[in-house]
Amino acid sequence: MLDVTVIEDAEAAAVSLDPVRARLLAELAAGPASAAMLAGKVGLPRQKVNYHLKTLERHGLVELAGERRKGNVTERLMRATAASYVISPLALAAVQPDPDRFRDQLSARWLLALGARLVRDVGSLITGAAKARKRLATYALDGEVTFASAADRAAFIEELTAGVGALIRKYHDGDAEDGRPHRIVVAVHPTVKPEVAAGPEAVAEAETTTGSGAGAGAGIEAAAGIEAATGSETAAGTEAVEAPAGREAAH
């Protein structure tokens, strides 16, 4: 079982979002089970559960883990193909976010578009690397910092921009004969409190934290997509984040 997998097909995404099937996926991520075993847990007849399992299997979300005899019946034990799933923007086809449509480095919506592209590109690279049976080399950095004031946050952004820009200028070689472009994404955003992360209060908390600047917590995320050895250039390009130091990042 994979730790996480990306759903790129629109039909598979729709199947996974069905409440009953999502519950079955959660149960099967915990361990193999048959339709009869799952029926009692989800409160549905075995035949209905079996129908949902076949649908999930058809879209590659569950797979056969084994079989066992129970009386005169052979039960199929199914398991989830991953412990968790992420739906790629590719499933949205023409309406997927496009960060190249507009660029506002202090816009939370542009940051969201960048995140969506990261999911799409890395998902495609994982798929390609798996098909080629080759390792996908990537790197990600995740951390958290508490700024005492908006001025400190602005100074941090200015130093971060200068530091990342200097690294890019140092190592970028556009004339390298065998070089391959890599995408660099750096993000800074207020930390969402776990207890309000699921509701509209999370948005209000984020806006309040960003606007006040006093005691604000900000998560810092940096990710570099490294060569996939698949021939795919979906994650090609190197991008530095340059944010004017004096502006607030509340959008």
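## Core packing and salt bridges in a predicted model

Leaving aside neighbours within four places in sequence, Leu28 is in contact with Met1, Ala33, Leu38, Leu53, Val62, Met78, Arg79 and Ala80. The structure described here is a predicted model.

Leu28 also belongs to the largest nonpolar core, which holds 20 residues. Within this core, the members that touch the most other members are Leu24, Leu28, Leu38, Val49, Leu53 and Leu56. Two of these, Leu38 and Leu53, appear among the contacts of Leu28 listed above. Two or more core residues are supplied by each of the helices α1 (10-17), α2 (19-30), α3 (35-42) and α4 (46-58), and by strand β3 (73-80). Helix α3 gives the largest share, with 4 residues.

The charged side chains form a second set of links. Side chains of opposite charge can pair when their charged atoms come close. In this model the count comes to 7 salt bridges. Three of them are set out below.

| Salt bridge | N to O distance | Elements | Separation in sequence |
|---|---|---|---|
| Lys41 and Glu27 | 3.8 Å | helix α3 and helix α2 | 14 residues |
| Glu57 and Arg76 | 3.1 Å | helix α4 and strand β3 | 19 residues |
| Arg79 and Glu63 | 3.0 Å | strand β3 and strand β2 | 16 residues |

The bridge between Lys41 and Glu27 links distant parts of the chain, with Lys41 in helix α3 and Glu27 in helix α2. Both residues also take part in a network of salt bridges that includes Arg23. Lys41 has a relative accessibility of 48% and therefore counts as partly exposed, a class that lies between the limits of 20% and 50%.

For the second pair, Glu57 lies in helix α4 and Arg76 in strand β3, so their salt bridge ties together parts of the chain that are 19 residues apart in sequence. Glu57 is partly exposed, at 29% relative accessibility. Arg76 is likewise partly exposed, with a relative accessible area of 33%.

The third pair joins two strands: Arg79 is in β3, while Glu63 is in β2 (residues 62-70). Arg79 counts as partly exposed at 32% relative accessibility, and Glu63 counts as partly exposed at 30%. Arg79 is also one of the residues in contact with Leu28, a member of the largest nonpolar core. Thus Arg79 has a contact with a core residue as well as a salt bridge to Glu63.

Terms used
Residues numbered from 1 in each chain as written. Predicted model: local features only at pLDDT ≥ 70, side-chain atom pairs only at ≥ 80, totals over all residues. Heavy atoms only, no water. Core = buried A, V, L, I, M, F, W, Y, C linked by side-chain atoms within 4.5 Å. Buried < 20%, exposed > 50% of the residue type's maximum accessible area, 1.4 Å probe, protein only. Contact = heavy atoms within 4.5 Å. Salt bridge = Lys/Arg side-chain N within 4 Å of Asp/Glu carboxyl O.
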